[in-house]
Amino acid sequence: MSAESDFTEDSVLEECQKFICEAVEKAGDIVRRGIDAVKKVEIKSNVFDLVTEYDGEVEDFLVSEIQKKYTNHKIIAEEKHAKEPLTEDPTWIIDPIDGTTSFVHGYPLVGISVALAYRKQLVIGVIYAPIQRELYCARRGHGTTMNGQKIHTSSVRQLINSLIGDEPSLASRDHYRNDILVRTYALCNRVSGIRAVGSAVLGLAYVARGILDCYQVVGIYPWDLAAGAIIVEEAGGVISHPDGSSFDIMNGSILVAANRELYDQILAFNREMNGKVLDLREKSTN
């Protein structure tokens, strides 16, 4: 099938969405089988970057399904296709299990994420939380659903009333440590609460669903963010990089907020924190 003819009609994208939603739900069986099983765990770049045999099994299944149906489409996936470039061609971007550390421990907040980009723009996003059996789907211009029902971001418009998703455990990476800790420490008295989801995929889905008001993460990978980015946008949210620059699919950082008012406040906060150094030493009162 030619890339040009594939995407001239929305009905073709609708077919793509239906196909990938069904495939992702089937892949969820693999995750459910593995969540409580003894796993073979390998360390990739460091002890905070893990992979199991189930990550590979989910990725292999999804790649096989896509290649059988769409022989001319490209694939970028975490385990075996991570170095593929993003081109103008239809490209599926896959994270087989996001939250692998959680998965290793049997902690249930893990997600499967698949996005479709065309001409370097996101057109479809699908996230599946297999343990909770929650399927989030978005197609450009058609909104976002969870298990077939339309969802929308929250109506909270003040930062002090908001519940924020953040991932302070990423401070294990030297390059990001100070910025993450400065931001998290300063947020404590600026917001209603902070939650570490442990999965960027689900953090973004939760903003789309309206149970988190903002979510921010840096230092991860495109496949962690691609599906969630369009899912949040189509649910009414605002997305960018944490510095306010336009979201780039291949840049592993994102800031999302439920609405423009909240986005402006969290972005102003980020700019206020920029360059500050965390100092937790007690100040002398003498």
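In the predicted model, the axes of helix H6 (residues 200-209) and helix H7 (residues 222-234) come within 8 Å and cross at roughly 0 degrees, an angle that makes H6 roughly parallel to H7. The contact draws on Ala200, Val201, Leu204, Val207 and Ala208 from H6, and on Asp224, Leu225, Gly228, Ala229, Ile231 and Val232 from H7. Sorted by class, the residues joining H6 with H7 comprise nine nonpolar, one polar and one charged.

These helices belong to a protein chain with eight helices and 14 strands. Of the 286 residues in the protein chain, buried residues make up 54%, and among contacts between residues at least 6 apart in sequence, 63% join residues at least 24 apart.

An open sheet of five strands follows the order E11-E10-E12-E14-E13, with mixed pairing. E11 and strand E13 (238-240) stand at its edges and have a single partner strand each, so that one side of each is left without a neighbour in the sheet. From one strand to the next, the twist averages 15 degrees. Within this sheet, E10 and E12 pair in the parallel sense over two bridges, and isoleucine 164 stands opposite cysteine 214 in E12. Helix H6 packs on this sheet, where H6 touches E12 and strand E14 (254-257), and the direction of H6 makes about 155 degrees with that of E12.

Helix H5 (residues 174-187) has 14 residues, which at 1.5 Å a residue should span 20 Å, and the separation of 21 Å between its end C-alpha atoms agrees with that expectation. Buried residues in H5 are Ile180, Val182, Arg183, Thr184, Ala186 and Leu187. The elements that cover the buried residues of H5 include strand E10 (163-165), strand E11 (193-195) and strand E12 (214-217), together with helix H8 (260-273).

A further open sheet, of seven strands, has the order E3-E4-E5-E6-E7-E8-E9, again with mixed pairing. Its edges are occupied by strand E3 (74-77) and strand E9 (149-151), and because each has a single partner strand, one side of each is left without a neighbour in the sheet. Neighbouring strands of this sheet are turned by 20 degrees against each other on average, when direction is ignored. Strand E4 (residues 91-98) and strand E5 (residues 111-118) run antiparallel and are joined by six bridges, and aspartate 95 stands opposite serine 113 in E5. Helix H2 packs on the sheet and touches E4, E5, strand E6 (121-129) and strand E7 (134-139), with its direction making about 30 degrees with that of E6. Helix H7, described above for its contact with H6, lies across E3, E4, E5, E6, E7 and strand E8 (144-146), and runs at about 100 degrees to E6.

Within helix H2 (residues 10-34) lies glycine 28, a residue that is buried, with a relative accessible area of 0%. When its neighbours within four places in sequence are left aside, glycine 28 is in contact with Ile112, Tyr128 and Pro130. Glycine 28 and isoleucine 131 are 103 residues apart in sequence, but their C-alpha atoms are 7.9 Å apart in space.

Definitions and conventions. Residues numbered from 1 in each chain as written. Predicted model: local features only at pLDDT ≥ 70, side-chain atom pairs only at ≥ 80, totals over all residues. Heavy atoms only, no water. Helix = DSSP H or I, 4+ residues; strand = E, 2+ residues; numbered from the N terminus. Buried < 20%, exposed > 50% of the residue type's maximum accessible area, 1.4 Å probe, protein only. Contact = heavy atoms within 4.5 Å. Expected span 1.5 Å × (residues − 1). Axes fitted to C-alpha atoms, helices over the stretch in contact; angles between N-to-C directions. Parallel < 35°, antiparallel > 145°, perpendicular 65-115°, else oblique. Nonpolar A, V, L, I, M, F, W, Y, C, P; charged D, E, K, R; others polar. Pairing = 2+ DSSP bridges.
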